[in-house]
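Visitor: I have the sequence and the structure open beside me, and I would like to be walked through some of the helix packing. Could we take it one point at a time?

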Amino acid sequence: MNRQTKSKIDSGKEEGASASVVNRRLFLRSAGLATSLGTIVIAAACNDDDPDPMIPGTGDSVDLGSGDVGVLNYAYALEQLEAAFYTQVIATPFAGITDAEKTILTDIRDHEIIHRDFFKKALGDKAIKDLTPNFATIDFTKRDAVLGAAKLFEDTGVAAYNGAGRLLKDGGNLLLAGKIVSVEARHAAVIRDLLKPKSADFAGDDIINENGFDKAVAPADILAAVKGYVKDTITGANVGK
Amino acid sequence: MDIFKIIDDFQKIDGDAAGRLEFATRRHFMNRIGSKLATVAVPTVFASIVNKAYAQSAKAIDVLNFALTLEYLEDEFYKAGNAAANLIPASDKTIFTQIGKHESQHVAFLVKALGDKAIKKPTFDFKYGGAFNDVFTNYKTFVTVSSALEDTGVRAYKGQAGELLADAQILEYALQVHSVEARHAAMTRRLAATVTANPAMKGWITGKEGAVAAIYAGEDNMTQGGVNLKGLASKSDAAITEAFDEPLTKAAVLAIAGPFIKA
């Protein structure tokens, strides 16, 4: 009996101790996402006059709204950024772009534009305004800068959809998000294969955990990670609520 | 700088942290049971934790066992493929080793999650009743079957998401596996395009084109969320179908996977 009581207390303590380990790991993981985006921004900013690209510009304040509409507007916001990014990539191709790369990036541009325009149409008068992207920190003339940014946008998109799925109440909306997230994951894998052909990077250990799981990240963390790329200040406090 | 203060602030921002923390802590706790805490009280505690964590609904158990069936299939397929001599060229070994690793991890996770409710591993026939007799001797066949399996996997997980609406944490796990399968699918499609000399085949699915009609049925859908997308943003029908992956019902998936399962 004594033994039993003791083990219960011990197990409680173990849970407490492991909780702080886990806290730290979760924190570092989420911070890692923000930092990897930040690194590119800072590295690119060295050739740029922009004083601090991580501080959003003086654009409008945009509230994504609440409930499922909030989640769909959140997706719409991310698709707006992706569509604008690839539109620029194709309008000003990087030096030495191959035909195969151009075909792939044009396909992805079209998919993102379709996603963006679909959300706009589906949301109707509940859609947020057109956002003003800020890609001043991305050097569109350089292959590594463009594909590096594409990789971050796609991986972030996957993590965002994965993290937002549980916030949806309506099965139809969940299915819709599911139809799009796997296409974003396909983009991520192909971009990663362009960067490091035939390596393990298409589903690399930097992004897939020891359970074979992709990332799932909550809206607040995603919005913080992408805020340097948009002039507007986006608030998503009530997304899914 | 107080790291614990930062962690606390972070948790306030990340509403999901509590849920993830609950699971991760529990998993950590379960790992410890094996080592230090094997006492009389543990089985009861363990059972209640497992029930709370995973067995929230009969629906969820069904979905997890369905997923486990497919993951067993994929895992065994890549184990055999990766072990076969003179099948996978050296240049592509890394890719299939990585995919095989993930499928083993998915099996391990699902078996652990389901505990004594996990189904047993079936016996497989990767020759598909004679249709793919050279699957482990001809790389072209191997890549084609791999690509077909991955695309089916993506569609299978997608079709089950709605069944998990009431189990938020399990839904999230399923989504996290779903996107990994999509990464695999894109990569194996790129390889398939090469081995079959079909440059029209890309990382994404165009229309309903594919080696096995049943696997791609309905991928040419043009209506999303009740909105007909034909002509949207002046994009082609092909691009519109590529921009959305479609689900498959459990029955459709089992019809496709059935011939792989001997018993």
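Guide: A crossing of two helices is called right-handed if the near helix is turned clockwise from the far one by less than a right angle, and left-handed if it is turned anticlockwise. Please keep in mind that this is a predicted model.

Visitor: In which hand does helix 4 of chain A pass helix 7 of chain B?
Guide: The two elements concerned are helix 4, residues 143-164 of chain A, and helix 7, residues 168-195 of chain B, and their axes come within 9 Å. Applying the convention just given, the crossing of helix 4 of chain A with helix 7 of chain B is right-handed.

Visitor: Are helix 4 of chain A and helix 7 of chain B roughly parallel or roughly antiparallel to each other?
Guide: Their axes cross at roughly 150 degrees. Angles over 145 degrees count as roughly antiparallel, and therefore the relation between helix 4 of chain A and helix 7 of chain B is roughly antiparallel.

Visitor: How many residues of the contact of helix 4 of chain A with helix 7 of chain B are charged?
Guide: From helix 4 of chain A come Asp155(A), Val158(A), Tyr161(A), Asn162(A) and Gly163(A), which meet Glu172(B), Leu175(B), Gln176(B), Ser179(B) and Arg183(B) in helix 7 of chain B. Three of the residues in this contact are nonpolar and four are polar, while the number of charged ones is three.

Visitor: How is helix 3 of chain A placed against helix 4 of chain A, roughly parallel or oblique?
Guide: The axes of helix 3 and helix 4 of chain A come within 13 Å and cross at roughly 40 degrees. Angles under 35 degrees would count as roughly parallel, so helix 3 of chain A is, relative to helix 4 of chain A, oblique.

Visitor: Is Glu101(A) buried or exposed?
Guide: Glu101(A) lies in helix 3 of chain A, which spans residues 99-123. Its relative accessibility is 7%, and because the limit for the buried class is under 20%, Glu101(A) counts as buried.

Visitor: With the side chain of which residue does the side chain of Glu101(A) make a polar contact at 2.8 Å?
Guide: The side chain of Glu101(A) also reaches the backbone nitrogen of Thr98(A), at 3.0 Å. Leaving aside residues up to four places away in sequence, Glu101(A) touches Phe94(A), Gly96(A), Arg143(A) and Leu194(A). The side-chain partner at 2.8 Å is Arg143(A).

How values were computed: Residues numbered from 1 in each chain as written. Chains lettered and ligands numbered in written order. Predicted model: local features only at pLDDT ≥ 70, side-chain atom pairs only at ≥ 80, totals over all residues. Heavy atoms only, no water. Helix = DSSP H or I, 4+ residues; strand = E, 2+ residues; numbered from the N terminus. Buried < 20%, exposed > 50% of the residue type's maximum accessible area, 1.4 Å probe, protein only. Polar contact = N/O pair within 3.5 Å; in protein donor to acceptor, adjacent residues only side chain to side chain. Contact = heavy atoms within 4.5 Å. Axes fitted to C-alpha atoms, helices over the stretch in contact; angles between N-to-C directions. Parallel < 35°, antiparallel > 145°, perpendicular 65-115°, else oblique. Nonpolar A, V, L, I, M, F, W, Y, C, P; charged D, E, K, R; others polar.
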